[in-house]
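Hi,

Here is the structure I promised to pass on. Have a look at it first, then read my notes below.

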Amino acid sequence: MVNEDSQSGNSDCSGSESGEKRNIVSNLRRASDRRTVLKATGLAGLTATAGCLGGGSGSSGPSGTFKIGVLAPEPEKNPIGASIANSAKLARDELNENGGVLGNDVEVIVKDTKEKPGVGKDKYQDLTVGENVDFTAGVFTSEVQLALMDSIAEQETVHMDTGAATPEASTMVKDDYDKYKYFFRTGPVNSHFLGQNMVDFASQNFSEMGWDSVYVLVEDYAWTKPVQEVVKNKLSDQGVDVKNVKRYAASTEDFSTIYDKIENSGADAAYVAMAHTGTPAILQWAKQQRPFEFGGIHVPMQLPSYYSAVKGACRYAVTQNSATPTSEVTSKTVPYANAYKKNYEKFPVYTGYITYDAVHQYAQVAEDQDSRKADDIISGLEDSSFTGTAGTIRYYGKDEEYPHDVVYDKTGENGVQPLWLQWQEKSGSGSQVAIFPDDIATGSYKTPPWI
Amino acid sequence: MNAVMISALYALVAIGFTLIFGVGGVLNLAHGASITIGAYAAYYVTSAFGLNVWFGAIGALVVPAAFSALLYAGVIRYVEDDPITVMIMTLVTSIAIEELVKVQFGTQSLAVPSLVSGQFHVLGGIQVNRVLVFALSWVLIGLLFAVVNYTRTGKAILATSMTAKGAALVGIESDRMYLYTWILAGAFAGLAGLFLASLRTADPVMGRTPLVLSFSIVVLGGIGSIRGSVIGAYIIGFLETFTQSYGSSSLTGLASLVVLVLILLVKPEGLFGREFTE
């Protein structure tokens, strides 16, 4: 009943919005001076906002169809966004085949954030206020995730972050638990731990790989700040000679001058953190056959179809990843990747594994708690230990440093442990060969022939 | 070394931009779109048909030239006397092209093969591709010089840029001359797109930076002056590389804009003034 009430409230809200839009248009037509228009628009905006802000899902939770709101960047064009959207749909189909969640049909509603904080906020509002979803999942860009934090608190609706890595979000949960407790990060590990994982990988593999000195290169986006911090503070403690830690502009297209510097420093390798700017970087490294090796966190390289997309330029480069289609991180990894490929023709990227895990874990917790109330789900998620495709999904508790972030465990037993892969060529086509950790490695690191 | 190479490419873009402005008096904000179209045409030819990159180069020459011709003949010709409408139309066109490219090819950066592979083992190793791009850019610039100064059509273009009325009196069809400049500018920008993509990558918004740089270059060199554009391109190219090497990479774009503002304030006619004045 409550749900029906709130839904009818919503339709009123959108109804009045469109009514006001019509008014604005007619005002615009009639207005003889700009001030009138400005006043009218401002007023309309104010009333619309006031009308729509009415708080969240209420105390007894939603009823009827179990709705999942998904926020993905350009799900039609961007493989990262497509993996989020399609994996949620894949999980939906599986849940529906098994009787839905608490006996209700599961529905997925996808909205495009366009990687823009403002758009993300609007779409979040559409999902929560407009569609009254049970929970939201997705978001790739940290800047978008941070812009949503207050809306999530206002709507009192659980959000499962499945792409953005900034620890600022979980720091907000730590600072004001009651307000921000609705935020969970199913993956990837937050960027503090992404950095820690880079350090752990270095300490266990660099000497064998011959990477005695590295030049650290990070793109200037919010997610890399903690990565940079950890790597800067801890990497040299592992006996690695860190030549420099360089943060380069997000708009960089030409890496020649940066690569000249790396070359002149005499570093064995560029140890990188790149998501948005990775492709020009790897192409120029390969085409120019620079005399240093290349590895780190390189998000585009995680894409299974990347080898053909860059015509083999990523060969010999190394990246961290949540999972690959052939690596047995858990017994669920390979079957999920295959099911995804069967349905959507391509293999997913890391956001896909995580979103799939997030939806299934949420559904599992709802079943276990026999409730759709946000508070019940939150305590359920806090206690949950769920075997997903990307590892064992557990969340840090309220009193730990990063509450509600997925637990990073360098043994992989009590949390998730990212894997490391190298692009190698096997019988004429590219292959993501897992090289670390040892229990899932399917090959070993190979040095580029031009070095 | 980087600066010398990249400046030649910038010159290629800026010349087309200044040609259209100098001859037709039209500010073509869709010039960046020709760059993008050139790069993606080359990508399409090499990926979808699996053809050699030199066939891709033909695509990068023909498709943007056709696009540019179509834009002029189909749209700009009817509104060219109204600068505001022209700006809006060309801006809208360039945004539309970006969106179309996103829909068709996705938002990820794409690889276009190098024109030639390998390294020269001098000065610590230079990519042969870079040297070739540099050389080709200069060949094209040289050809344009020759065409404008020594052929009948080139001289007619020059005449039109000086005075359209006068040119009409001696029997030059100014519409046809404008069309030629648009085709030339489109082809140059398209090839620049291919070169840029083969050195870096192709992405939907790749035309924006060169367009903004073209503003600075053209204003610096003197609007309408080909010689000025080449010299302007070198000054801006060096400034950019210098900022990147010795300053911060995040200031790269800013440096050329500062130059733009300074020149507009101090010497608005640019280094070489306007060769084609009425």
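First, a term: on a 1 Å grid over the protein atoms alone, a cavity is a set of points where a 1.4 Å probe fits but cannot get out, and its lining residues have an atom within 4 Å of a point. Grid points are joined across faces, edges and corners, and a volume is the space filled by probe spheres set on the points. This is a predicted model, where local features need pLDDT of at least 70, side-chain atom pairs count only at pLDDT 80 or more, and totals for chains, interfaces and linings use all residues. Residues are numbered from 1 along each chain as its sequence is written, chains are lettered from A and ligands numbered from 1 in the order in which they are written, and side-chain values use heavy atoms, without hydrogens and water.

So, how many cavities of 30 Å³ or more does a search of the whole structure find? There are two, and the largest has a volume of about 330 Å³. It is lined by 32 residues, and the closest to its centre are Gly163(A), Ala165(A), Pro188(A), Leu194(A) and Tyr350(A). That lining divides into 19 nonpolar, eleven polar and two charged residues (Ala, Val, Leu, Ile, Met, Phe, Trp, Tyr, Cys and Pro count as nonpolar, Asp, Glu, Lys and Arg as charged, the others, Gly among them, as polar).

As for confidence, chain B averages a pLDDT (the predictor's confidence in each residue, from 0 to 100) of 86, and 95% of the residues score at least 70. The complex gets an ipTM of 0.71 and a pTM of 0.76 from the predictor.

Cheers

Conventions:
On a 1 Å grid over the protein atoms alone, a cavity is a set of points where a 1.4 Å probe fits but cannot get out, and a pocket is an open set with protein on both sides within 12 Å along at least five of seven lines; lining residues have an atom within 4 Å of a point.
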